[in-house]
Amino acid sequence: MNRVYNFSAGPAVLPEEVLKKAAEEMMDFQGSGMSINEMSHRSKAFDGVIETAEKDLRELLQIPENYKVLFLQGGASQQFAAVPMNLMKKKKAGYVLTGQWAKKAFQEAKLYGEAVALADSSDETYAYIPDCSDLPVTEDMDYVYICENNTIYGTKFHTLPDTKGKDLVADVSSCYLSEPVDICKYAVMYGGVQKNIGPAGLVISIIREDLITEDCLPGTPTMLKWKTQADNGSLYNTPNCWSIYICGLVFQWLKEQGGLAAMKTRNEEKAKILYDYLDGSKLFKGTVRKEDRSLMNVPFVTGDDALNDLFVKEATAAGLVSLKGHRSVGGMRASIYNAMPKAGVEKLVTFMEDFEKKHG
Ligand SMILES: *Cc1c(COP(=O)(O)O)cnc(C)c1O
């Protein structure tokens, strides 16, 4: 077996302990004589899986009683439509445009009502988070929307916007469970799990209870009404059982690691190793404003496309894989999610130092 250090933005690295446990249980899940992939989602065994997953997630994020946790399909992209369908009662909402995912959500919302761009950092290829201390939020808006960590550009809101009393909706796909958060500051928090939690095909939405009503936009599909999913404990139809199971194992792993405060410390340590090197390097350069840097996604460049390509190629040969940057930024991107060990980041930096000596 030859495991690599996998810097993929998503689907992404999972904890080895979790993969081993899943392998162990694959032929016989807890004495059932079958794998989790072969049993009814209405079985007692699966009930245990989804209930424990929710309980552990609630504990990790300290989710208050008045929030529902929904395990949904269609990825984060499906929620781009579900958000306006469930929330746009006055048919108007404000969006902060900090990258492609925020823009996609914005464009989707326009199908259902008036989506207003409150701020926009496209003038510098989204390399910063715009000032959100005095956004042009108006009384008639139903909510304010952000993409909290911008996977492609490597920026993160380190301070949440002043929504002027409006409900905040956040796509947290690529920073989910990377640090403690105060759920009460959000009306809706959701994310695809394939970045920082588990296997693709599951999105976890955490929604304040009073926002889950029958009063959706006309024509909202039954499946996209949060009420349908909440009333049925996320089991209105067959859910993504496999992903829910693996996420549950990841939640247990996170608890064993010391929870989200411990993850934050670790993630800060890992990111510091890489950013400190980038700040001192003459060859490599981070692409993001320092104060807006993400702990999870770190884009960097050399300024020479041929050298970037050579770097990615040689890194791959050295067991440091999926470092090619997103096509819209170019260069490289190291995604250093919860499951990336510190040793992986150290090995990457040592490799970069050697590369700089040769080519700098
Ligand atoms: C990957 C990503 C998405 C899209 O997720 P899907 O589950 O593929 O729909 C949306 N938002 C952010 C921030 C992402 O990183």
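**Exercise 1. Polar contacts of the ligand**

Task: In this predicted model, how far is an oxygen atom of the ligand from an N or O atom in the side chain of Q194? Which other side chains offer an N or O atom to the ligand, S77 and D171 being the ones to examine?

Solution.
Step 1. For Q194, the distance from an N or O atom of its side chain to a ligand oxygen is 2.9 Å.
Step 2. In S77, a side-chain N or O atom lies 2.6 Å from an oxygen atom of the ligand.
Step 3. D171 faces a nitrogen atom of the ligand instead, and the separation from an N or O atom of its side chain is 2.6 Å.
Step 4. The cut-off for a polar contact is 3.5 Å between N or O atoms, so these pairs qualify.

**Exercise 2. The shell around the ligand**

Task: Describe the surroundings of the ligand. How much of its accessible area does the protein cover, and which helix gives the largest share of the shell?

Solution.
Step 1. On its own the ligand has 380 Å² of accessible area, of which the protein covers 87%.
Step 2. The surrounding residues are G75, A76, S77, F80, W101, C147, N149, T151, D171, S173, Q194 and K195.
Step 3. Sorted by class, the shell holds 6 polar, 4 nonpolar and 2 charged residues.
Step 4. Helix α3, residues 75-87, supplies 4 residues, the largest share.

**Exercise 3. The sheet of 7 strands**

Task: Give the order of the strands in the open sheet of 7 strands. Why do β2 and β4 each have one side without a neighbour?

Solution.
Step 1. The order reads β2-β10-β9-β8-β5-β3-β4, and the pairing is mixed.
Step 2. β2 (67-72) and β4 (114-120) are the edge strands; each has a single partner strand, so one side of each lacks a neighbour in the sheet.
Step 3. Ignoring direction, neighbouring strands in this sheet are turned against each other by 20 degrees on average.

**Exercise 4. Strand β9 and its partners**

Task: Take strand β9, residues 188-192. Are its residues buried or exposed, and how many bridges join β9 to β8 and to β10?

Solution.
Step 1. Buried means under 20% relative accessible area, and 5 of the 5 residues of β9 are buried.
Step 2. V188, Y190 and G192 point one way from the strand, while M189 and G191 point the other way.
Step 3. This agrees with a general rule: side chains of a regular strand alternate between the two faces of the sheet.
Step 4. With β8 (residues 167-171), β9 runs parallel, joined by 3 bridges. Among the partners, V169 pairs with V188 and A170 with M189.
Step 5. With β10 (residues 203-208), β9 runs antiparallel, joined by 5 bridges. Here G192 stands opposite V203.

**Exercise 5. The sheet of 3 strands**

Task: Which strands stand at the edges of the open sheet formed by 3 strands, and which residue in β12 stands opposite G286?

Solution.
Step 1. The strand order is β11-β12-β14, with antiparallel pairing.
Step 2. β11 (285-286) and β14 (332-335) stand at the edges, and because each has a single partner strand, one side of each is left without a neighbour in the sheet.
Step 3. β11 and β12 (residues 297-301) are joined by 2 bridges.
Step 4. F300 is the residue opposite G286.

**Exercise 6. Residue D140**

Task: Where is D140 found, and what is its relative accessible area?

Solution.
Step 1. D140 lies in the loop between β4 and β5 (143-147).
Step 2. Its relative accessible area is 34%, so D140 is partly exposed.
Step 3. A318 is 178 residues away from D140 along the chain, and their C-alpha atoms are 55 Å apart.

Conventions. Residues numbered from 1 in each chain as written. Predicted model: local features only at pLDDT ≥ 70, side-chain atom pairs only at ≥ 80, totals over all residues. Heavy atoms only, no water. Near = heavy atom within 4 Å. Polar contact = N/O pair within 3.5 Å; in protein donor to acceptor, adjacent residues only side chain to side chain. Areas by Shrake-Rupley, 256 points an atom, 1.4 Å probe, with all protein chains shown as cover. Nonpolar A, V, L, I, M, F, W, Y, C, P; charged D, E, K, R; others polar. Buried < 20%, exposed > 50% of the residue type's maximum accessible area, 1.4 Å probe, protein only. Pairing = 2+ DSSP bridges. Axes fitted to C-alpha atoms, helices over the stretch in contact; angles between N-to-C directions.
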